[in-house]
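User: I would like to learn how to read aromatic contacts and helix packing in a model. Could we work through them one at a time?

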Amino acid sequence: MALASYLRVLLSKEVVLHNARDLSYSEVACATVLTWDVLIMLSQEVELIWKRTWTPAKCMYFVARYVPWLVQLALLAINVNGSTGLKYTFHQCFAWQVVQGVFLQIIVTTVDVILITRVYALYSRSRILLGVLGSLFVAEVTFLCYVLGVVTPRLTYDDECYVTSSPAIFQYYWIVSLIFETILFALTLYKFAEAVRQGWGNGPVMQQFVNDGTWAYTLIFLVMLINMMMYKYVHSTLTGICYTWLLVVLSFAGSRLVLNPRRASARASISGSRYTSGDTSHIELTYRVSTSRPTYPTCEGIVVTEERITDGMLSFYRYVGGAHGPNPLQRTAGEVINSVMTGR
């Protein structure tokens, strides 16, 4: 019996060491991937972000891009495969988890604001929709902060501060986040389907807008779902192994949701602000919003679509040509929200 008990202890220690090693490898991989991503995007980032004046969009880009990276680097200093030799008390682990929870909430909130702003632009700056989404957003953030406040004191750790278990209520942090992300994505898809039916959904700006929203939603959804499953069903040092991957995904997605439209705007400025496609549509890509309406050739019954990008956000207008020239028919999506995303 004594020998069997001794073997169980050895086996348990061996499992713990292997789990700690796998978790450390995962953290190193996350830091490496995020560092590589920061470096390959740096030249475009300097040109399209840092050379411009400070705006809300620029602040959100900084948080989404660099706060996850700094947290990743800090995690490496805690313990990499036990090589640091550092041991921590429960109170020290608790303090570090509070810091991680605060930074996680700041990053999630920032990415949610970026997504809300995109939907707000897509729905013609609808104040009613903004009020509804704003209320849901405040409720979401309040609930998530409450869950973190309840969960953090009840987490259990090993000597290296790796989380080994969490209370059941923690799953609702991920569920509520997933529900809110899904609402924003559903609103984007609905407007895109409506745009396709009305004939203005096939433009390059709209296509990029929807593509960016789709892959960003998919990545965030999958990693949050995996995190929820890990914290719910895994009770070992591997419990939080996907936390660092969530930071990578939030940084990757959040930064590109701001940067990609600006890149498209810069390309449009180089290639020319106007072109004619076929015999039915006229698409304009501009970096600044013009106060005067563009003029179009007079042609009975021709639908004319104008797309604009301004400082990373976009707007759409639709016109119908008639006997006396083009007249505004419908504003199918919002003007660029300078007051929200550019501070202008």
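User: Where do Tyr66 and Trp69 lie, and how many residues apart are they?

Analyst: In this predicted model, both residues belong to helix α3 (residues 56-78). They are three residues apart, about one turn of the helix.

User: How should the geometry of Tyr66 and Trp69 be read, as an aromatic pair that is stacked or tilted?

Analyst: One reads the distance between ring centres together with the angle between the planes, where under 30 degrees counts as stacked and over 60 as edge-to-face. For Tyr66 and Trp69 the centres are 6.0 Å apart and the planes differ by 55°, so the pair is tilted. Tyr66 counts as buried because its relative accessibility is 12%, and the cut-off for buried is under 20%. Ring pairs also join Tyr66 and Trp69 to Trp50, Trp54, Tyr61 and Phe62 in a cluster. In total, the structure holds 15 aromatic pairs.

User: Which parts of the chain does the pair of Trp174 and Tyr231 link?

Analyst: This pair connects distant parts of the chain, with Trp174 in helix α6 (residues 171-198) and Tyr231 in helix α7 (residues 204-233), 57 residues apart. The rings of Trp174 and Tyr231 are stacked, at 6.1 Å centre to centre and 20° between the planes. Trp174 is buried, at 0% relative accessible area, and Tyr231 is buried as well, at 10%.

User: Which charged residues lie over the face of Trp54 and of Phe209?

Analyst: Lys58 lies over the face of Trp54, 4.6 Å from the ring centre. Over the face of Phe209 lies Arg118, 4.1 Å from the ring centre.

User: What describes the packing of two helices?

Analyst: Two packed helices are described by the angle between their axes and by the distance between those axes. Here, helix α4 (residues 90-122) packs with helix α5 (residues 127-151) at an angle of about 170°, and the axes are 11 Å apart. The two helices are therefore roughly antiparallel, the cut-off for that term being over 145 degrees.

User: Which residues make the contact between α4 and α5?

Analyst: On α4 they include Gly101, Gln105, Asp112, Ile116 and Tyr120; on α5 they include Leu129, Phe137, Glu140, Cys145 and Leu148. By class, the contact has twelve nonpolar, three polar and two charged residues.

User: How many helices and strands are there in the protein chain, and what share of its residues count as buried?

Analyst: The protein chain has nine helices and seven strands. Of its 344 residues, 50% count as buried.

Note on methods. Residues numbered from 1 in each chain as written. Predicted model: local features only at pLDDT ≥ 70, side-chain atom pairs only at ≥ 80, totals over all residues. Heavy atoms only, no water. Axes fitted to C-alpha atoms, helices over the stretch in contact; angles between N-to-C directions. Helix = DSSP H or I, 4+ residues; strand = E, 2+ residues; numbered from the N terminus. Parallel < 35°, antiparallel > 145°, perpendicular 65-115°, else oblique. Contact = heavy atoms within 4.5 Å. Nonpolar A, V, L, I, M, F, W, Y, C, P; charged D, E, K, R; others polar. Phe/Tyr/Trp six-rings, centres within 6.5 Å; stacked < 30°, edge-to-face > 60°. Buried < 20%, exposed > 50% of the residue type's maximum accessible area, 1.4 Å probe, protein only. Lys NZ or Arg CZ within 6 Å of the ring centre and 35° of its normal.
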